[in-house]
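This report looks at two bound ligands and what surrounds them. Start by viewing the model below.

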Amino acid sequence: MFSNIKDQELIFRNLINGNWTNSKSGKFIEIYSPIDNSLVGKVPAMTTEEVDYTFECARKAQENWKNTPINKRAEVLYKAADILEDKVKDLTYIMMLEIGKDNKSCESEILRTADFIRFTADASKSLSGESIPGDSFPGFKRNKISVVTREPLGVVLAISPFNYPINLAASKIAPAIVAGNTVVLKPATQGSLCGLYLAKVFEEAGVPAGVLNTVTGKGSEIGDYIVTHRDVDFINFTGSTEIGTRISKITSMVPLLMELGGKDAAIVLEDADLDLTASNIVSGAYSYSGQRCTAVKRVLVVDKVADALVEKIKEKVEKLSIGNPLEIDDVNIVPLINSKAADFVVELIEEAKEKGAKLLVGGNREGNLVYPTLFDYVTTDMRLAWEEPFGPVLPIIRVKDKDEAIAIANESKYGLQSAVFTENINEAFYVADRLEVGTVQVNNKTERGPDHFPFLGVKASGIGTQGIKYSIEAMTRPKATIINLVERK
Ligand code: NAP
Ligand code: G3P
């Protein structure tokens with residue numbers, strides 16, 4: 001099934017100014033697989049001096065890169081997309097070992113990312129400015145014209161999470177560099193083998209020295225240092241609300257683009273197609289064991305159809321495949337990323353049980369593997385109604401009508417996405433208009449793709465808007481050059 005990467009020792013280095021570099025400290029971070037705790041590989045633990053040097057190189061490289069024609073920058077992206085596609089088997093294998101994701105999802109993440117990179121290269125070609133005549137404003141004449149171009153921001157710090165180590169690194173790197181910025185990527189430690197592999201893909205594609213650089217090290221050790229570094233012009237972060245909030249507190253005068261946690265609700269109205277609804281809810285809640293920002297993390301169903309819906313969901317949850325992604329193709333439920341994550345999910349399960357929620361499926365755990373768990377009659381005094389488990393547990397909250405569903409949905413501190421299931425377009429818009437989220441899906445599970453759509457969270461779920469065109473815009477700024485023509489009498 002896999003090529004020769006299987007027997008290789010994965011000792012990866014950082015890409016700094018075009019060179020593959022180990023830390024002078026000689027220190028490595030060992031990466032263990034969430035599947036069986038075996039050693040997968042090692043990445044360097046970088047020192048603060050090495051971080052300084054990396055940013056210095058990124059700063060210097062930006063001077064040339066911003067003047068490189070856009071079509072040349074786009075060429076690098078097209079090549080990177082092709083190389084990434086060629087490497088899909090090797091990278092799928094590394095990703096499975098490193099983050100425990102099933103092979104089909106790994107593969108589709110990688111192929112989706114190749115498409116993302118190509119689409120970004122295409123989109124860069126329509127980067128354009130505008131010219132604005134002065135005389136449209138009262139008191140000004142036609143001799144004043146503003147020529148507005150788009151300029152890169154400088155050095156972008158990209159910080160990615162563990163759960164989509166390729167997609168959520170590339171979706172920062174590609175728009176940033178095509179717009180003329182240089183990038184320092186800090187991948188999640190569990191996910192850094194994938195992140196460094198991706199950097200290798202860009203390097204092979206011809207990204208010039210210093211344009212893409214990587215920094216590895218534990219966030220708890222070097223995180224504060226890198227986000228407050230004097231050479232950072234922009235931070236594009238995806239991860240937990242906790243770390244996102246910390247970054248926004250300790251940084252100053254640096255623009256932020258953040259994708260954070262969520263508690264996406266699936267709201268089910270009485271006229272919903274319950275088969276379609278149940279299928280979407282189950283795949284939305286449980287794929288990759290619920291370790292997706294956009295996973296369905298609660299169901300708000302009106303009483304009238306609750307029994308029928310719950311039965312359909314339960315049937316499907318009982319059929320989910322569970323186990324080791326190296327042994328079972330396309331498995332739904334895999335071991336969680338680490339034991340701390342599994343402990344947290346079990347804590348939420350136990351509290352819901354104690355407070356009287358009805359456990360319909362699961363509730364048990366073996367090591368990092370938490371079995372798919374479904375609760376009915378979850379109430380708003382339970383932590384499971386509000387907290388993001390990032391695991392395979394789904395609470396069903398019964399409500400009397402759509403207004404109660406909207407009220408509970410909006411009471412959450414999060415505002416990433418919601419889904420509404422109904423056959424009535426007026427009802428769909430009634431609910432969608434009132435939800436405090438970045439995106440509402442009508443008759444579909446919550447999800448990010450396709451990647452050219454705007455993707456954003458409100459409240460504690462994020463700052464700013466991503467999506468190919470939106471990310472390029474976020475990583476550029478307008479520059480106005482004003483022509484003042486001499487008036488001829
Ligand atoms: P995390 O623990 O917040 O880590 C995210 C990244 O931040 C990692 O690279 C981590 O490095 C780094 N980091 C840790 N401490 C830092 C600090 N003080 N300063 C700077 N960086 C620091 O999140 P995760 O566990 O990887 O991912 C799960 C979370 O991400 C969930 O809450 C999920 O909802 C959210 N997420 C959101 C989206 C979205 O689009 N809204 C998408 C995916 C995931 P280390 O790994 O070295 O600690
Ligand atoms: O970009 C990947 C992540 O943000 C979620 O993507 O489409 O599986 O919801 P999706």
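## Ligand 1: contacts

A polar contact is a pair of N or O atoms within 3.5 Å; within protein, one must be able to donate a hydrogen and the other to accept it, and residues adjacent in sequence count only if both atoms are side-chain atoms. This is a predicted model: local features need pLDDT of at least 70, side-chain atom pairs count only at pLDDT 80 or more, and totals for chains, interfaces and linings use all residues. Side-chain values use heavy atoms, without hydrogens or water.

A polar backbone atom of Ser160 lies 2.8 Å from an oxygen atom of ligand 1. For Ala188, a polar backbone atom is 3.3 Å from a ligand 1 oxygen. Ser240 uses a polar side-chain atom, 2.6 Å from an oxygen of ligand 1.

## Ligand 1: location

Domain 1 (5–260 + 464–477) and domain 2 (265–453) both give residues to the shell around ligand 1, so ligand 1 lies between them. The domain bounds come from an automatic or database domain assignment.

## Ligand 2: surroundings

Ten names make up the list around ligand 2: Arg112, Tyr164, Asn167, Leu168, Arg292, Cys293, Thr294, Glu447, Arg448 and Gly449. Such residues have a heavy atom within 4 Å of the ligand. Domain 1 and domain 2 each supply at least three residues to this shell.

Which side chains make polar contacts with ligand 2? A polar side-chain atom of Arg112 is 3.1 Å from a ligand 2 oxygen. An N or O atom in the Asn167 side chain is 2.7 Å from an oxygen of ligand 2. Arg448 contributes a polar backbone atom, 2.8 Å from a ligand 2 oxygen.

Definitions and conventions: Residues are numbered from 1 along each chain as its sequence is written. Chains are lettered from A and ligands numbered from 1 in the order in which they are written.
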